[in-house]
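Biologist: Could you take me closely through one part of this model, the aromatic side chains and the surface around them? I am new to reading structures, so please go step by step.

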Amino acid sequence: MAAAATPAVPDQAPKMQAPGQVPFDPSQAPVIEGFTPITLGKNESFKEKFMRKTKENPFVPIGCAATAGALIYGLRAFHQGKTRQSQLLMRGRIFAQGFTVFAIIVGIFATSLKPKQ
């Protein structure tokens, strides 16, 4: 009654590797048929990346500096009791924030319209 179970997969001889060959080398990208991996650029330091991004869209750092400046001077005026000047500087801060957001959006659109290298 009990029959020997035979595998449904045809007998395949296991592929033998050359002695000393590792099936997967973690230092190399895997080889996938029909796929070409992208090569990453050089590693940039924070300063190099900041300078590159500033050259691409100089209005974002300008807007950030204006926002921070208006905030600091507005808080200082508030602390000194100059309520009118404090209010004007807080409104200026809102304007500077809007300018910065607008500069970011324009930069994104400009980058998306550039041809790929």
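**Aromatic rings and a nonpolar patch**

Modeller: Let us begin with F99, which is found in helix α3, and keep in mind throughout that this is a predicted model. With a relative accessibility of 32%, F99 counts as partly exposed, because that class lies between the limit for buried, under 20%, and the limit for exposed, over 50%.

F99 belongs to a nonpolar surface patch of about 440 Å², and the other residues that make this patch are F59, I62 and F95. Two elements each give two or more residues to the patch, namely α2, which runs over residues 59-80, and α3, which runs over residues 83-113.

These helices can also be set beside a record: the unreviewed UniProt entry carries the annotation "transmembrane region" for residues 59-79 and 94-113. In the model, the span 59-79 is 100% helix and 0% strand, with its end C-alpha atoms 30 Å apart. The span 94-113 is likewise 100% helix and 0% strand, and its end C-alpha atoms lie 29 Å apart.

Now to the rings themselves. A pair of aromatic rings is described by how far apart the centres are and by the angle between the planes. With centres required to lie within 6.5 Å, the count comes to two aromatic pairs.

One of them is formed by F46 and F50, whose rings are stacked, at 6.3 Å from centre to centre and with 20 degrees between the planes. Here the angle explains the name, because planes under 30 degrees apart count as stacked. Both residues lie in helix α1, which covers residues 46-56, and they are four residues apart, about one turn of the helix. F46 has a relative accessibility of 70% and therefore counts as exposed, the limit being over 50%, whereas F50, at 43%, is partly exposed.

Another pair is formed by F59 and F99, with 6.2 Å between the centres and 90 degrees between the planes, an arrangement called edge-to-face. This pair links distant parts of the chain, since F59 sits in helix α2 and F99 in helix α3, 40 residues apart. F59 has a relative accessibility of 46% and so counts as partly exposed, and F99, as we saw at the start, is partly exposed at 32%.

Put together, F59 and F99 form an edge-to-face aromatic pair, and both of these residues also help to make the nonpolar surface patch, along with I62 and F95.

How values were computed. Residues are numbered from 1 along each chain as its sequence is written. This is a predicted model: local features need pLDDT of at least 70, side-chain atom pairs count only at pLDDT 80 or more; totals for chains, interfaces and linings use all residues. Side-chain values use heavy atoms; hydrogens and water are left out. Patches are made of residues with over 30% relative accessible area and no salt bridge: like charges are joined within 9 Å, nonpolar side chains (Val, Leu, Ile, Met, Phe, Trp, Tyr) within 5 Å. Accessible areas come from the Shrake-Rupley method with a 1.4 Å probe; for residues, only the protein chains shown count as cover. A salt bridge is a side-chain nitrogen of Lys or Arg within 4 Å of a carboxyl oxygen of Asp or Glu. Buried means under 20% relative accessible area, exposed over 50%, partly exposed in between (1.4 Å probe, protein chains only). UniProt positions are given in the numbering used here, feature names are shortened, and annotations may be inferred rather than shown by experiment. Rings of Phe, Tyr and Trp (its six-membered ring) pair if their centres lie within 6.5 Å; planes under 30 degrees apart count as stacked, over 60 as edge-to-face and the rest as tilted.
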